[in-house]
Amino acid sequence: GEVRECRFVFIGRNLDRGELEKSVVDCKVEPLRFQVGDCVEACVDDEKFMKGRIISTWDEGFPYCIELDTEPGTYTCTTWSWAPMDIDLFVRKSECPPECGCP
C-alpha cells in the first residue's frame, strides 16, 4: 500500500531550522494523567475547584472534558468544564465518593 507520512512545512527566508525543530518537539503531548471515569477537581474560577468526573479526553483539543458535580436543575452550561492543560492548576486528582462505585 501507499506509504503515508506527516510533515511540517515552514515557508520563509532565513528560518532558524534548529529553533523550529526544538519548538515542534517541545509541543509533544505526554500521556494524560486521567482516564474517562476518573474523579477529579476542576478549576472553575480563580483558585476555586469543583469536584467532577472525566467524561472525555481530547475534546475539541482540550485534554479533558469534565462533568461537574452540581445540584439537580443547575443550568446546563455550568455542569461541564474543560481543562486547557493537563496540570494541577486546571485539573487535579480527587477521591471518589463511596456511592460512585469507582475502583
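**Confidence, strands and a nonpolar patch**

Among the elements of the chain, helix H1 has the lowest mean pLDDT, 83, and strand S5 (residues 91-93) the highest, 96, where pLDDT is the predictor's confidence in each residue, from 0 to 100, and helices (H or I, at least four residues) and strands (E, at least two) are DSSP runs numbered from the N terminus. This is a predicted model, in which local features need pLDDT of at least 70 and side-chain atom pairs count only at pLDDT 80 or more, while totals for chains, interfaces and linings use all residues. Residues are numbered from 1 along each chain as its sequence is written, and side-chain values use heavy atoms, with hydrogens and water left out. The chain has a mean pLDDT of 85, and 87% of its residues reach 70 or more.

Strand S2 (residues 48-59) runs antiparallel to strand S1 (residues 39-45), joined to it by six bridges, and six bridges likewise join S2 to the antiparallel strand S3 (residues 62-68); two strands pair if DSSP finds at least two bridges between them. Arg53 in S2 is the bridge partner of Cys39, and the bridge partner of Arg53 in S3 is Glu67. Two residues lie between S1 and S2 in their hairpin, where Glu47 in the turn has a positive phi of about 60°; the hairpin of S2 and S3 also has two residues between its strands, and there Glu60 takes a positive phi near 55°.

In the segment before helix H1 (17-26) lies Phe8, which is exposed, with a relative accessible area of 60% (buried means under 20%, exposed over 50%, partly exposed in between, with a 1.4 Å probe and protein chains only).
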